[in-house]
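Please open the structure in the viewer and keep the selection tool at hand. The tour proceeds stop by stop, with a selection proposed at each.

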Amino acid sequence: MTERLPLFPLGTVLFPGLVLPLHLFEDRYLRLVADLLDRPEPRGFGVVGIELGHEVGESAAHRLAEVGCVAELRDARRHPDGRYDVVTVGARRFRLKELDRSRPYLQGEVEFLPEDAGTDPEPAAVRVRRLYRLYRHRLRSAGAGPFEDGEPPRDPVALSYAIAAALVLDGHEKQRLLECEDAALRLEAERDLLARENRILDVLPMIPAGQFLDGSFHPN
């Protein structure tokens with residue numbers, strides 16, 4: 001069964017549970033927010049990665065990723081000039097089946113994806129927690145941060161998304177984690193990525209700033 005969903009193509013991968021603030025100024029996305037505010041809660045739109053193209057302009061987003069994530073609208077503050085600052089939270093993943101260009105903003109026919117723990121996720125989860133503690137320590141030592149001191153979630157599905165959001169990776173690797181079929185497979189991929197990143201951090205004196213270190217609003 002599919003559902004029609006407003007779409008917001010971004011160069012950022014959104015994961016379930018992740019807070020995503022946005023500063024909106026393009027007419028099509030101001031219209032999208034206005035349309036959402038006219039609907040009953042919950043209000044959401046699909047954040048989907050851009051594989052070819054740009055976030056803004058008439059020629060934006062020539063090719064979109066196949067899997068995206070619903071962004072639930074939690075707060076919307078309108079400026080006198082019509083711009084919006086909004087706060088969203090990642091909810092369900094979806095697979096994009098078909099595009100609809102009949103409105104000023106894109107819409108899509110989407111199929112929502114299950115959130116399964118998978119087969120025996122705990123061994124990979126134990127390893128990921130340990131590697132993540134080391135990763136966080138080495139990033140701090142390299143001058144990156146700030147980082148929250150709390151422990152990662154115990155639930156394997158929530159843990160897999162929290163780690164995916166926290167890792168400083170390029171967009172292709174983030175998208176690959178979003179598309180994993182279940183938490184066990186995602187945690188196994190994160191285990192390998194954390195082992196790789198820890199090896200790199202062990203020999204590099206400093207790291208470049210990544211999107212995880214940038215707390216500013218994301219312009220559309």
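A salt bridge is taken here as a side-chain nitrogen of Lys or Arg within 4 Å of a carboxyl oxygen of Asp or Glu. The model on display is predicted.

**Stop 1: a salt bridge between two strands.** Select R4 and D100. These residues form a salt bridge whose closest N and O atoms are 2.5 Å apart. The pair links distant parts of the chain, 96 residues apart: R4 belongs to strand β1 (residues 3-10) and D100 to strand β5 (residues 84-100). How many salt bridges does the structure hold? The total is 18.

**Stop 2: the cavity.** Next, select T12, V13, L14, V47, V48, G49, V67, G68, Q175 and L178, which line the largest cavity. The structure contains one cavity of 30 Å³ or more, and the space in the largest cavity amounts to about 30 Å³. Colouring by secondary structure is useful here: β3 (44-52), β4 (63-78) and α4 (171-178) each supply at least two residues of the lining. Which element gives the largest share of that lining? It is β3, with three residues. Colouring by residue class then shows six nonpolar and four polar residues in the lining, and no charged ones.

**Stop 3: a pair of helices.** Remain with α4, and add helix α5 (residues 183-203) to the selection. The two axes come within 9 Å and cross at roughly 150 degrees. Since angles over 145 degrees count as roughly antiparallel, α4 is therefore roughly antiparallel to α5. To display the contact, show the side chains of E173, R176, L177 and L178 on α4, together with R186, A189, E190, L193 and R196 on α5. By class, this contact has four nonpolar and five charged residues, with no polar ones. L178 deserves a second look, as a residue of the α4 side of this contact that also lines the largest cavity.

**Stop 4: backbone geometry in two loops.** Select E41 and P42 and inspect the peptide bond that joins them. This bond is cis, with omega about 0 degrees. P42 lies in the loop between α1 (27-37) and β3, and β3 is the strand already met in the cavity lining.

Finally, centre the view on D120. Is its phi positive or negative? The phi of D120 is positive, about 50 degrees, although the residue is not a glycine. D120 is located in the loop between β6 (107-112) and α2 (122-141).

Terms used: Residues numbered from 1 in each chain as written. Predicted model: local features only at pLDDT ≥ 70, side-chain atom pairs only at ≥ 80, totals over all residues. Heavy atoms only, no water. 1 Å grid on protein atoms, 1.4 Å probe; cavity = no way out; pocket = protein on both sides within 12 Å on 5 of 7 lines; lining within 4 Å. Points joined across faces, edges and corners; volume = space filled by probe spheres on them. Helix = DSSP H or I, 4+ residues; strand = E, 2+ residues; numbered from the N terminus. Nonpolar A, V, L, I, M, F, W, Y, C, P; charged D, E, K, R; others polar. Axes fitted to C-alpha atoms, helices over the stretch in contact; angles between N-to-C directions. Parallel < 35°, antiparallel > 145°, perpendicular 65-115°, else oblique. Contact = heavy atoms within 4.5 Å.
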